[in-house]
Amino acid sequence: MSPYNPGVILYRYDASPFSVKIDNVLMLKNVPYATVTVANVLPRPEITELLGLTYRRIPILTIGNDIYCDTSLIAAAIERRFPSSQGFGTIFPPKKHGGSPDTGLLKAFTQHYADTVLFNLGPILLPWDRFPDFFLKDRQTIAPNLNVQAMMNSQGKAMNALSAHLALVNEQLQDGREWLFDTELPSLADIGIHFTYNWVCGFPNTKSLFNEARFPYALRWLDRLNKFIKTTRNDFPTPITLTGPEAADSIAKSSYEPYNVIGFDAFEAARLNLVKNQIVNVVPDDTGPQYATSGKLVAFNHEEIVIETKDFK
């Protein structure tokens, strides 16, 4: 076992655009971390068997003994637990001309637009007709109606929509601002838009989308952010790679954040007929009940649902 106790561990695989998003968030925050490389399809015994977690989306992040799922929550948790007041970076930098950052707007913009409306167009452009059967069968477990020909037939429409969204990015930047929300440094919004366009930019069928004559400000911004990320990464420690057992051992030996940090909003919980210490199933909106995680509800607020799973593996 490696003697290194990283504190922060990211379960990821290279082809996952959301993994790249969290790589960039951790780098901008200047939070050192380790990685566990997992497969791009199930099974993932590093997670299901060693962590007792049925959640199937990647990435997941651990901080000590706490496991975080969903990249919107992961980004917010990294910002909260590694605040700039302790010398870390921030994904909510101040505005260039004064004023506090629009943290609520940035979170809403990223979670309800960049991570969903915009990103969901990207997978349509993948070469679905070239994927092996095992990959398609895996994806059909979360999208039973997945139809290869229908996806291929939708690519023109997806390209048109991505072009329309890129036009909005271009419009936002046409006043000469450096970053999307005119912040001193790239914000969560920049990272949120960047990871989708930077991902699809590498597809062989998207060259016509990145037309500098049509979207000069947007493409300069994309290039500027890529250079910023590259420069920042040069000064950032390379993440240590752990095996699944090494990571699980480190997590098991670590402490968890006290539940009262998140607290329990009984008023909001009552809207869902929930009470503290109730046994619940947390079901992701996009993968179905077969990937529910069971545990004791120990903390609850607008941003986080915390369950204790140690007795439910």
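A residue counts as buried when its relative accessible area is under 20%, as exposed when that value is over 50%, and as partly exposed in between. The exercises below apply this to a predicted model.

**Exercise 1. Describe the overall build of the protein chain.**

Step 1. Take the secondary structure: the protein chain holds twelve helices and eight strands.

Step 2. Compare the radius of gyration with the globule rule. The radius is 20 Å, close to the 20 Å that the rule gives for 313 residues, so the protein chain is as compact as a globular protein of that length.

Step 3. Add the outer dimensions. Along the principal axes, the C-alpha atoms fill a box of roughly 60 × 50 × 45 Å.

Step 4. Look at burial and surface. Of the 313 residues, 49% are buried. The accessible surface comes to about 15,800 Å², and carbon and sulfur atoms account for 53% of it.

Step 5. Check the sequence range of the contacts. Among contacts with a separation of 6 or more, 70% are between residues 24 or more positions apart.

**Exercise 2. Locate the nonpolar cores and follow one residue into its surroundings.**

Step 1. Recall the general tendency: in soluble globular proteins, nonpolar side chains tend to be buried together.

Step 2. Find the largest nonpolar core. This core has 64 residues, and V8, L26, L61, I78, I193, Y197 and W221 have the most contacts inside it. Helix 8 (residues 188-200) gives the most to this core, with eight residues.

Step 3. Follow V8. Beyond its neighbours within four places in sequence, V8 has contacts that include L26, V31, L61, I63 and F82.

Step 4. Set the other core beside this one. A second, separate core has 17 residues, including Y11, A34, I47 and L53.

**Exercise 3. Classify S187, A292 and P45 as buried, partly exposed or exposed.**

Step 1. Start with S187, in the loop between helix 7 (155-173) and helix 8. Its relative accessible area is 0%, so S187 is buried. With neighbours within four places in sequence left aside, S187 is in contact with I91, P93 and L106.

Step 2. Move to A292, in the loop between strand 6 (279-282) and strand 7 (293-300). The relative accessibility of A292 is 17%, so this residue counts as buried. Outside its neighbours within four places, A292 is in contact with T54, N281, V282 and V283.

Step 3. Finish with P45, in helix 2 (residues 45-48). A relative accessibility of 34% makes P45 partly exposed.

**Exercise 4. Find backbone geometry that departs from the general pattern.**

Step 1. State the pattern: most residues other than glycine have a negative phi, and most peptide bonds are trans.

Step 2. Inspect the peptide bonds. The bond from L42 to P43 is cis, with omega near 5 degrees; P43 is in the loop between strand 2 (34-37) and helix 2. The bond from I58 to P59 is also cis, with omega near 10 degrees, and P59 lies in the loop between helix 2 and strand 3 (60-63).

Step 3. Inspect phi. D70 has a positive phi, near 85 degrees, and is found in the loop between strand 4 (66-69) and helix 3 (71-81). N273 has a positive phi too, near 60 degrees, and lies in the loop between helix 12 (266-271) and strand 6.

Step 4. Classify both residues by accessibility. D70, at 37%, counts as partly exposed, whereas N273, at 67%, counts as exposed.

Conventions: Residues numbered from 1 in each chain as written. Predicted model: local features only at pLDDT ≥ 70, side-chain atom pairs only at ≥ 80, totals over all residues. Heavy atoms only, no water. Core = buried A, V, L, I, M, F, W, Y, C linked by side-chain atoms within 4.5 Å. Buried < 20%, exposed > 50% of the residue type's maximum accessible area, 1.4 Å probe, protein only. Helix = DSSP H or I, 4+ residues; strand = E, 2+ residues; numbered from the N terminus. Contact = heavy atoms within 4.5 Å. Rg over C-alpha atoms; globule rule 2.2 N^0.38 Å. Areas by Shrake-Rupley, 256 points an atom, 1.4 Å probe, with all protein chains shown as cover.
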